[in-house]
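Work through the exercises below with the sequence and the model open. Each task is followed by a solution in steps.

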Amino acid sequence: VLPMAYCNLQSTTVAGPTIRLDVLQDLFLRHTYIYKGKPIATPVWEIQPEKIVLGLPFFGNNFECNNTAPVPFPVHPPGGGPAPICELTRPSDHQMLDHFASMQIYNSETVTSGPGIGFDAVKASAWFEYTNKTTHRRHQVWFEDPRSVRAKSEFAHTMGMHGVAFWRGNGVYGGRLDRDNVGVDSADARAMWQAAATAGHAGGGYGGRGFHAHEISLSLKAN
């Protein structure tokens, strides 16, 4: 069974991760997951964990904030801390982007959230803010990195699941969003796959000791 644990942004009014670790904990530990105001049709907690491959994202989102950033901007230690609230005019006020694109923005735009990329330990996701050089609007980017991939994969391992699978697992390489099989190898890509593979102190390769990491690919396009 492959539950797709991401794209939980349909009704949100604030920026945030594609999937939060605390939401995963609600789903599998407290058994209170609600989707669009209704309980999901087949509760995944009624399925034996070893039959579950948890679907996770390798992509994130770039949000345009409707409110201004707090002044002064909250200081967070390098590599840690929650993000300030980024209000959205509409839930659709975001653009999907992969890890490669996130890092391109981080290295080319005017980052306003301080040194280093933030990491919210409760949500287990990376983030940063910047001001768009053209529109001068505030943006907040939430995306997956090796820290977030490892934390969510560790959760799946702790729950006794068979493994994890990543939608847009190829996108971390900097591939085109409309072609899942196009990408460029990179140290970031290898680090993210390795973070998933070593969850639960697995052996070498992508998965070990019964825990596996896969890529989800639903594209039927011909090259």
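**Exercise 1. Surface and overall make-up**

Task: State how much accessible surface the protein has and what share of it belongs to carbon and sulfur atoms. Then describe burial, secondary structure and contacts for the protein.

Solution. The model is a predicted one.
- Step 1: the accessible surface is about 11100 Å², and carbon and sulfur atoms account for 57% of it.
- Step 2: the protein has 223 residues, 47% of which count as buried.
- Step 3: its secondary structure consists of four helices and 12 strands.
- Step 4: take the contacts between residues at least 6 apart in sequence; 68% of these join residues at least 24 apart.

**Exercise 2. Helix α3**

Task: Check the length of helix α3 (residues 146-158) against the expected span, and find which of its residues are buried.

Solution.
- Step 1: the helix has 13 residues. The expected span is 1.5 Å times one less than the number of residues, which gives 18 Å for α3.
- Step 2: the C-alpha atoms at the two ends of α3 are 18 Å apart, in agreement with the expected value.
- Step 3: with buried taken as under 20% relative accessible area, the buried residues of α3 are S148, V149, K152, S153, F155 and A156.
- Step 4: viewed down the axis of α3, these buried residues fall within an arc of 150 degrees, so they line one face of the helix.
- Step 5: after α3 comes G160, with a positive phi near 80 degrees.

**Exercise 3. Aromatic pairs between β8 and β9**

Task: How many aromatic pairs does the structure hold? Classify the pair W127 and W142 and the pair F128 and F143, and say what each pair ties together.

Solution.
- Step 1: the structure holds eight aromatic pairs.
- Step 2: the ring centres of W127 and W142 are 6.4 Å apart, with 35 degrees between the planes, and the pair is tilted.
- Step 3: W127 is in strand β8 (residues 125-131) and W142 in strand β9 (residues 138-143), so this pair ties together parts 15 residues apart in sequence. W127 and W142 are both buried.
- Step 4: F128 and F143 lie 5.9 Å centre to centre with 75 degrees between the planes, an edge-to-face pair.
- Step 5: F128 belongs to β8 and F143 to β9, so this pair also ties together parts that are 15 residues apart in sequence. F128 and F143 are both buried.

**Exercise 4. An aromatic cluster**

Task: Which residues form one aromatic cluster with F128 and F143?

Solution. Y106 and Y130 join F128 and F143 in one aromatic cluster.

Notes
Residues numbered from 1 in each chain as written. Predicted model: local features only at pLDDT ≥ 70, side-chain atom pairs only at ≥ 80, totals over all residues. Heavy atoms only, no water. Buried < 20%, exposed > 50% of the residue type's maximum accessible area, 1.4 Å probe, protein only. Contact = heavy atoms within 4.5 Å. Areas by Shrake-Rupley, 256 points an atom, 1.4 Å probe, with all protein chains shown as cover. Arc of directions from axis to C-beta. Phe/Tyr/Trp six-rings, centres within 6.5 Å; stacked < 30°, edge-to-face > 60°.
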